[in-house]
Structures are given as C-alpha cells and as structure tokens.
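Q: Please take a close look at one part of this model, the pairing of its strands. Then set that part in its surroundings.

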Amino acid sequence: MSFITAHALDSMVGTPAADLEVTLYSGTETIVSARTDDNGRVSDFGPDHLEPGDYRIVFGTGDYFAAREIDHFHPVVTIDFTVQAGQEHYHIPLLLSPFAYSTYRGS
C-alpha cells in the first residue's frame, strides 16, 4: 500500500467518483498523478514513504463534472496536509458534489 491513498465519492449520485484525476505535490513539485479506479480509489499512489513536512493533494473536480456535462463551482479541490514523523499511512477521502465538498483524515 502506498503511504498516501485517496478515495472520492460523488454525493450527488451516491456512487464512487471514477476516473477523477488526483495529483500529489510537495511544494510546486509533482510527486505523482493518477486517476481514481471504478471504486473511486487511488491505492497505488506515490512512494511508500514521505518525509515529514507539508504536502498538497489536488482533485480535478472541474474536469470530472465537465466530462459528465454537469455545471459545477470548484475547478479543483486542493487539500493541504502535514505529514508527521512516525506515521505509517495517510488516507485522504473526498466527498464531492458540483457545489460543495468535504474531507477528513481517513484511516
């Protein structure tokens, strides 16, 4: 399992958000970019370890909704987070709709 995993659910239709682009950054450097699978998950995402520090994950929600011809407000959802020493895994879920989103640190 990757050190970082992500999951996206489309709360408008109550299904996983499949084929959603997800990109992990350290500063301005792209670490990895992937697309969610049919279950809305990115399980094989980046290195098996990240150094402590600040990182950013960006979900390409605008392209996701545009591909479905759905009007939307957020072109991307950006989540900044801090990796702490001694942690084994970070899971970043996203609950999205065309005009709102929420997130939390998953397990």
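A: Two strands are taken as paired if DSSP finds at least two bridges between them. The model is a predicted one. Strands of a sheet pair through backbone hydrogen bonds, in either a parallel or an antiparallel sense.

The part in question is an open sheet of four strands, in the order S4-S3-S6-S7, with antiparallel pairing. S4 and S7 are the edge strands; each has a single partner, so one side of each has no neighbour in the sheet. From one strand to the next, the twist averages 20°.

Going across the sheet, start with S4 and S3. These two strands are antiparallel and share six bridges. One residue pair can be named here: Glu 21 has Arg 35 in S4 as its bridge partner. S3 spans 21-26 and S4 spans 29-35. The two form a hairpin with two residues between the strands, and in this hairpin Gly 27 has a positive phi near 65°.

The next pairing is S3 with S6. Four bridges join these antiparallel strands. Thr 23 has Val 58 in S6 as its bridge partner, and Tyr 25 is bridged to Arg 56 in S6. Arg 56 can then be followed across to the other edge of the sheet, since it stands opposite Asp 80 in S7. S6 and S7 are antiparallel as well, and seven bridges join them.

Two residues in loops that lead into sheet strands have an unusual backbone angle. Most residues other than glycine have a negative phi. Asp 19 is not a glycine, yet its phi is positive, at about 65°. Asp 19 sits in the loop between strand S2 (15-16) and S3. With a relative accessibility of 43%, Asp 19 counts as partly exposed. Glu 69 also has a positive phi, near 55°, and is a residue other than glycine. Its place is the loop between H1 and S7. Glu 69 has 77% relative accessibility and counts as exposed.

The sheet strands also contribute to the nonpolar interior. The largest nonpolar core has 26 residues, and those that touch the most other members are Ile 4, Leu 24, Phe 45, Ile 57, Phe 59 and Phe 81. S3, S4, S6 (53-59) and S7 (77-83) each give at least two residues to this core, and so do strand S1 (4-10), helix H1 (61-67) and strand S8 (90-97). Take Ile 4 as an example of how distant parts of the sequence meet. Beyond its neighbours within four places in sequence, Ile 4 is in contact with Leu 24, Phe 45, Leu 50, Phe 81, Tyr 90 and Ile 92.

Aromatic residues add another set of links. Phe 3, Tyr 55, Phe 81 and Tyr 90 make up one aromatic cluster. The structure has four aromatic pairs. A pair of aromatic rings is described by the distance of the centres and the angle of the planes. For Phe 3 and Tyr 90, the ring centres are 5.6 Å apart and the planes are at 55°, so this pair is tilted. Phe 3 is in the segment before S1 and Tyr 90 is in strand S8, so the pair ties together parts 87 residues apart in sequence. Phe 3 is buried at 2% relative accessible area, and Tyr 90 is buried at 4%. Arg 105 lies over the face of Tyr 90, 4.0 Å from the ring centre.

A second pair joins Tyr 64 and Phe 65. Their ring centres are 5.0 Å apart and their planes are at 75°, so the pair counts as edge-to-face. Tyr 64 is buried, with 4% relative accessible area, and Phe 65 is buried, with 1%.

To return to the sheet, S3 is joined to S4 by six bridges and to S6 by four, while S6 is joined to S7 by seven.

Key:
Residues are numbered from 1 along each chain as its sequence is written. This is a predicted model: local features need pLDDT of at least 70, side-chain atom pairs count only at pLDDT 80 or more; totals for chains, interfaces and linings use all residues. Side-chain values use heavy atoms; hydrogens and water are left out. A nonpolar core is a set of buried Ala, Val, Leu, Ile, Met, Phe, Trp, Tyr and Cys residues joined through side-chain atoms within 4.5 Å. Buried means under 20% relative accessible area, exposed over 50%, partly exposed in between (1.4 Å probe, protein chains only). Contact means heavy atoms within 4.5 Å. Axes are lines fitted to C-alpha atoms, for helices over the stretch in contact, and angles run from 0 to 180 degrees between N-to-C directions. Rings of Phe, Tyr and Trp (its six-membered ring) pair if their centres lie within 6.5 Å; planes under 30 degrees apart count as stacked, over 60 as edge-to-face and the rest as tilted. A charge sits over a ring if NZ of Lys or CZ of Arg is within 6 Å of the ring centre and within 35 degrees of the ring normal.
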